[in-house]
There are 2 protein chains.
Amino acid sequence: MHIFLLALLPLAWAFQRPLVHFTPTRGWMNDPNGLFYDEKNSLWHMYYQYNPDHIVWSEPVYWGHATSKDLTQWHDHGAALGSDNVQDGIFSGNIVVDRNNTSGFFNSSVDPELRIVAIYTLNTPEEQTQDIAYSLDGGYSFVKYAHNPVLSHNLTQFRDPKVFWHAPSSQWVMVVAMSQQYKVQIYGSADLKHWVLHSNFTLGVLGFQYECPGLVEVPVENSTDTRWVLFVAINPGLPLGGSANQYFVGDFDGFTFTPDDSQARFMDYGKDFYAYQVFDNVPKEHGVVGVAWASNWQYCAVVPATTWRSSMSLARNMTLARRHVNPETEMLTLIQRPVLGSLVRRSNRHTGNVTVHTPLTFNSSATGVFEFDLTFKVKAQNCSTAQLQVLAGARVNGTLQLVRAGYDNAVTLFFADRAMDTEINKNPFFTDKTAAYVDPYAYDGEAPVFKMYGVVDGNVMEVHLNDGLGSMTNTFFLDGDAKPDFLELSSTCPGMYSVEYSVAELTLDST
Amino acid sequence: MHIFLLALLPLAWAFQRPLVHFTPTRGWMNDPNGLFYDEKNSLWHMYYQYNPDHIVWSEPVYWGHATSKDLTQWHDHGAALGSDNVQDGIFSGNIVVDRNNTSGFFNSSVDPELRIVAIYTLNTPEEQTQDIAYSLDGGYSFVKYAHNPVLSHNLTQFRDPKVFWHAPSSQWVMVVAMSQQYKVQIYGSADLKHWVLHSNFTLGVLGFQYECPGLVEVPVENSTDTRWVLFVAINPGLPLGGSANQYFVGDFDGFTFTPDDSQARFMDYGKDFYAYQVFDNVPKEHGVVGVAWASNWQYCAVVPATTWRSSMSLARNMTLARRHVNPETEMLTLIQRPVLGSLVRRSNRHTGNVTVHTPLTFNSSATGVFEFDLTFKVKAQNCSTAQLQVLAGARVNGTLQLVRAGYDNAVTLFFADRAMDTEINKNPFFTDKTAAYVDPYAYDGEAPVFKMYGVVDGNVMEVHLNDGLGSMTNTFFLDGDAKPDFLELSSTCPGMYSVEYSVAELTLDST
């Protein structure tokens, strides 16, 4: 067991460590695991694929563990669950709260709200099996079930269970990937120990393999309806992308997921959003909330790092809403809104309402973690090839190194651009530019109105478009340990854009 | 009508003009149209979306026209079909040979092999309709049908018909896109003038809109079977990609296309392969052959150009074959092999069989149009992070400007990389790097064997993997009017790769 205390590792906080994106105190991190909410202590738990001793993926893989009061300020507790053999790993999975002790792991001394069972993949050189473990101390340590595995098919590519309680059918439901057979398998169980196959699901872009499926009931905005959303990550296989997350909207009856249509849709249009998982046991007022790993298997092992590597995305709240995807078609679309928690403070805040003519520059006087929130109107159609953009960066060894995001009126697309002259940018998979289309948020007369919100945090930039309709999450790495120290808002066409802006630096209250 | 003769425009051949990829003599070009084979004259005809007077897309759009004896050496005849009003355009469509005069446009004076009917979209400010025209001179000029349109739904986004004769149901079949409703519509007709809707088809990644559907019967390798392949282009909407071409494999009974499965697959993993269309009336010995536009709506209007803009892809021969897409799954997969015709000559050819240790450099002594054909074996597993790559480029104003393609053993992916310090590379949509996974072509003991074939031609690089299993087509633009003048084969890990190589420069015999 490795329990790290932040106080002992002040140096580990250097090197472009994001502030509002979770990072491991030290070592390697990939997929989020075991996300759940502890109602008794009002505490969010996040586990994560973890190796404390390396900054590249390497067996034995542990579940690291972190907790948060607000989904943003995380306390890292280090490894919480490890394998019995160094050649094995505790691969991705999730946690459920077994209030009614269906598993029989608990007695009355364990508060029903803390009857925590982890379901995960045990990876061995011979096989991947689904195993379970329970915690008697609220999720800080685990006891493995004596009769593991609970699900085994003698396969080397069978992983990433996600289990939840399905009340209408009074059973636990597991979605799990037969990765290289492109099957999201759906199982049911009364006790988390015995599982029966209900159905298989395949759809969308298959790529090389399926990973990290998810299935969750999502509220439809402005209605009392819900629909089910099935998530599946592919890696590699997205053209130009490597790792990526798909989603499908449909019905789920406890046994079969029936998609509303046969289209393939993506959760994020950046390069660094993978293995998305939602929190279990979340009170209704928080809605559906999840986290993804903000990296890409194409280059996660080689991005600049010293003592730790990789961050999670911001938590995202999920709803469904009918939105135009082009002028002729409206459809039920996943709306993802980034969550910044109650411990986030905004300092050095600037707001205004201007027609962009000369660049507005905001220099860091605090953390250098910038949040921007723009609503802009494309006023002048004679500026047909104009761009509006937000730049962030720093002068490093005398050279400006910049990331940017913006809107290009010539092609009516948003872009995110991390091209710069650094070593990692020479990596043949560290694609510089990503793009996303979103239909206008609104119209002011003939003028389309768009919203662009973003957080630039150490080495990750998340850009969110039109209040949750689209996003691009990309990591970037200034040379040395530099982080952005200014943010600039500009347009290439004077008078084209009328902008309401709010720019602030984010800080975190300690807890 | 604009008839351009190459002989009059020698200067137009400068500026990075590709040699074995078709380019318009001058003006703007996008989608290939009206592709057909003239059996009487053994001549391939290609039409293309064209504006002779601009190098950006602009109404009135014409069909340009080119012919070839070998699918590589093209003779450009300029505009062949234009609209009656300058605000209108002749948008994409295709050509069929109406041997049996079902349309009634021909009398016995017209050879049955030259009874040519074009089906196209008339774009007006008010509407997009499907119109037809016929040619009495073998495809060099057209007479519009007096009672156009033949298909109209009072829609502004209804375009890109592709018609073919379906013998089993004795009818003409049209696939056409209701673009922003994401419908590939399938119609039938006895006479090319009256059309009845048979079915609608929607699948895959929808993006912003569907364009340029296609439907063709494709032979299955090593069998007498065929399957139908439905193509559809989306623009924008591929994450990171903008314009892209999807395909689906299934059955077609003359009325409904029934896909074998619900997966979405892509034809090319580069940024510049769009609006693919197959040739009609092709003799069986040529198989299924088609061409795409080698550009992307994200930046086609701003890439460097002087008097002409855009090229087509190489023609591709299409088959289907069962191939591994990962170690556990084999599936019927589109195999696309680039066609270099009988008029292509290879000069300055080097072949060898080496273990790469120091870079092999091949300097241009002829056209600078390089073809490379490698078969390599990943021998040494201790070179786990090694890359093998082909570089091509030139020294421009004292600086090396390079494109490259290769294989990275750390992530077992191929890459294509056009990152360089040029103005177009600063465009926020001109993504620098693309990637593709293909399962090994073969194994030599434990060592995976791969094949990488490519053509570097002026400003376009096509890379083809494992004999047709995958491809990446990307344009690139060296500064000034420079073209690559050398090609280099190298590996970052001495002894890792055993390579059989053939490198040559391509020239074209004149006809």
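This report describes how two domains of chain A meet in a predicted model.

## The two domains

Chain A splits into domain 1, residues 6-338, and domain 2, residues 344-508. Their C-alpha centres lie 30 Å apart.

## Extent of the interface

The two domains touch through many residues on each side: 40 residues of domain 1 of chain A are in contact with 39 residues of domain 2 of chain A. The size of an interface is often given as the accessible area lost when the parts come together. Here, domain 1 and domain 2 of chain A bury about 3100 Å² between them. Carbon and sulfur atoms account for 57% of that area.

Three residues stand out on the domain 1 side. Gln16(A), Leu19(A) and Tyr269(A) lose the most area to domain 2 of chain A. Together they make up 22% of what the domain 1 side buries.

## Polar and charged links

Three salt bridges are counted between domain 1 and domain 2 of chain A. The side chains of Arg316(A) and Glu462(A) form a salt bridge, at 3.6 Å from N to O. Polar contacts across this interface number 24 residue pairs, with both residues at pLDDT 80 or more.

## Make-up of the domain 1 side

Two strands of chain A, S22 (316-326) and S23 (329-338), each supply at least two residues of the domain 1 side that touches domain 2. The largest share, six residues, comes from S23(A).

By class, this side of domain 1 of chain A has 20 nonpolar residues. Another 12 are polar, and eight are charged.

Conventions
Residues numbered from 1 in each chain as written. Chains lettered and ligands numbered in written order. Predicted model: local features only at pLDDT ≥ 70, side-chain atom pairs only at ≥ 80, totals over all residues. Heavy atoms only, no water. Domains from an automatic or database assignment. Contact = heavy atoms within 4.5 Å. Buried area = accessible area lost by both parts, 1.4 Å probe. Salt bridge = Lys/Arg side-chain N within 4 Å of Asp/Glu carboxyl O. Polar contact = N/O pair within 3.5 Å; in protein donor to acceptor, adjacent residues only side chain to side chain. Helix = DSSP H or I, 4+ residues; strand = E, 2+ residues; numbered from the N terminus. Nonpolar A, V, L, I, M, F, W, Y, C, P; charged D, E, K, R; others polar.
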